[in-house]
Amino acid sequence: MYDLITELYPICRSMTGDGVRQTLEIVGRLMPLETREAPSGTPVFDWTVPKEWNIKDAYIRDPEGKKIIDFAQSNLHVVGYSIPVRRAMSLAELKKHLFTLPERPDWIPYRTSYFKEDWGFCMSHSQLMRLEDGSYEVCIDSSLENGRMTYGELLLKGDSPDEVLISTHICHPSLCNDNLSGIALAAQLTDLLRRLPLRYSYRFLFIPATLGSITWLSLNQQHTKGIKHGLVLAGVGDSGKTTYKKSRRGDAEIDKAARYVLRMSGEDYDVFDFVPYGYDERQYCSPGFNLPVGVLARTPHGQYPEYHTSADNLSFVQPAFLANSLLKCLSILNVLENNAVCVSQNPWCEPQLGRRGIFRSFSDRAANPDVEMALLWVLNYSDGYHSLLDIAERSGLAFDAIRHAADVLLEQHLLTEQPGGER
């Protein structure tokens, strides 16, 4: 995952353009990713697919002709979607188009101007303070014209047509945590899930933020009814504790699974209620769709100083944090894959398990009491109303122990499993 981030880091991405296509081409080497495109001007609900933006070069030369800002050194230097400009101007006029972070004087901010045709540069505040009066040469060699919005999609088919949606955004330039970490984690998930027998089908979306999800939802309304669970992956590579933002429903199976996995991890974590601000979950969870989609992250967006700055770099994201996020994501999916609602076939008092050879010797049970307790919990709560995840939550036992106990009891025909998973 970290190697993929390193390869993608130099690419200038935006809502549209060659940088997005280059990114999808690299990610597509790891999976059979299908590239989709929506032409500029396509109506998507209350929005319209914008013009395509590309950039070749940009710089500022000081009065002595020295390049003081160079797009080739950092693609964060240019405000995203800047229109072409090439002329000389005074420092006073130039300052109207310069953006800095006075509170972080050595960092470069990330700025965009998607919906207003304008231009600008981002630079460190300390550099701004050193600029002297005079005539500055400004060049932004960009284009903003009719083209396409490009995104990537992959469907891994499982036994059921019911889907788990995994979505991540691909529209930021050289920002590692808020952008590339989600791409890398989603790519790794596809590689692992492709090797496994799957109960659910998995739909992966690599899309520009906001307009990407709006566009996909507008063009694929027929697919949304099959989405039973979903995760937006973003900011999964920093050192902060894992966080989960609930779906708008608040009590969807994905919400319960994520909360359970984080609680059982033994690590510090946070679970937040849904708010209509953030990543693409706010589109998936809009009232017309109200899909069960939550957000798996580490430090929430905007709550770490490196967010949307040049400090969100290759040293801010680390392999150990990516691996930790991957394992938790896999654990959540494991719960979804194996959750079920069972019904006891012998609900009148406990069945005699010993004569069925289910219980081991007393000494074995003393060494591993969870085995017996898992069996008793599953027998007692397999009433057609409690899922195996519900039982794991109530008992405090590992979900895999509960699932194993259910499998043993199913083999002995003491349970039946209801079709369709959780109720």
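## Burial and overall form

Of the 423 residues in the protein, 55% are buried. The model is a predicted one, so please read the values below as computed from it. Its C-alpha trace spans about 95 × 40 × 35 Å along the principal axes, and the secondary structure comprises 14 helices and 19 strands.

Take contacts between residues at least 6 apart in sequence: 79% of these join residues at least 24 apart. On the outside, the protein exposes about 18700 Å², with carbon and sulfur atoms supplying 49% of that area. As for charge, there are 43 positive and 53 negative charges, and their mean positions are 2 Å apart.

## Helix α2 and its cover

Helix α2 covers residues 18-28, and its buried residues are Gly19, Val20, Arg21, Thr23, Leu24, Ile26 and Val27. The cover over these buried residues includes helices α1 (2-8) and α5 (176-193). Strands contribute as well, among them β1 (34-39), β4 (52-61), β10 (148-156) and β12 (201-207).

## Salt bridges around Arg21

The whole structure holds 22 salt bridges, and Arg21 is a good place to start looking at them. With a relative accessible area of 19%, Arg21 is buried, falling just inside the limit of under 20%. Its side chain meets that of Asp18 in a salt bridge, at 2.9 Å from N to O. These two residues are three apart in helix α2, which means that about one helical turn separates them. Asp18 itself is partly exposed, at 46% relative accessible area.

Arg21 also forms a salt bridge with Glu37, where the closest N and O atoms are 3.6 Å apart. Because Arg21 lies in helix α2 and Glu37 in strand β1, this pair ties together parts that are 16 residues apart in sequence. Glu37 has a relative accessible area of 36% and is partly exposed. The picture widens from here: a network of salt bridges links Asp18, Arg21, Glu37, Glu52 and Arg148.

## A salt bridge between α14 and β19

Another salt bridge joins the side chains of Arg403 and Glu417, with 3.3 Å from N to O. Arg403 is in helix α14 (residues 399-411) and Glu417 in strand β19 (residues 415-417), so the pair connects parts 14 residues apart in sequence. Arg403 is buried at 10% relative accessibility, whereas Glu417 is partly exposed at 40%.

## Two buried polar residues

Asn75 sits in the loop between β5 (67-70) and β6 (85-90). Its relative accessibility is 8%, so Asn75 counts as buried. The side chain of Asn75 reaches the backbone oxygen of Pro10 at 3.1 Å, and a polar contact of 3.0 Å links it to the side chain of Ser174. Setting aside neighbours within four places in sequence, Asn75 is in contact with Tyr9, Pro10, Ile11, Cys12, Pro173 and Ser174.

Ser325 belongs to helix α10 (residues 319-338). At 2% relative accessibility, Ser325 is buried too. Not counting residues up to four places away in sequence, Ser325 touches Leu185, Val236, Leu296 and Arg298.

Key
Residues are numbered from 1 along each chain as its sequence is written. This is a predicted model: local features need pLDDT of at least 70, side-chain atom pairs count only at pLDDT 80 or more; totals for chains, interfaces and linings use all residues. Side-chain values use heavy atoms; hydrogens and water are left out. Helices (H or I, at least four residues) and strands (E, at least two) are DSSP runs, numbered from the N terminus. Buried means under 20% relative accessible area, exposed over 50%, partly exposed in between (1.4 Å probe, protein chains only). Contact means heavy atoms within 4.5 Å. Accessible areas come from the Shrake-Rupley method with a 1.4 Å probe; for residues, only the protein chains shown count as cover. Lys and Arg count as positive and Asp and Glu as negative; His and the chain ends are not counted. The place of a charge is taken as NZ of Lys, CZ of Arg, CG of Asp or CD of Glu. A polar contact is a pair of N or O atoms within 3.5 Å; within protein, one must be able to donate a hydrogen and the other to accept it, and residues adjacent in sequence count only if both atoms are side-chain atoms. A salt bridge is a side-chain nitrogen of Lys or Arg within 4 Å of a carboxyl oxygen of Asp or Glu.
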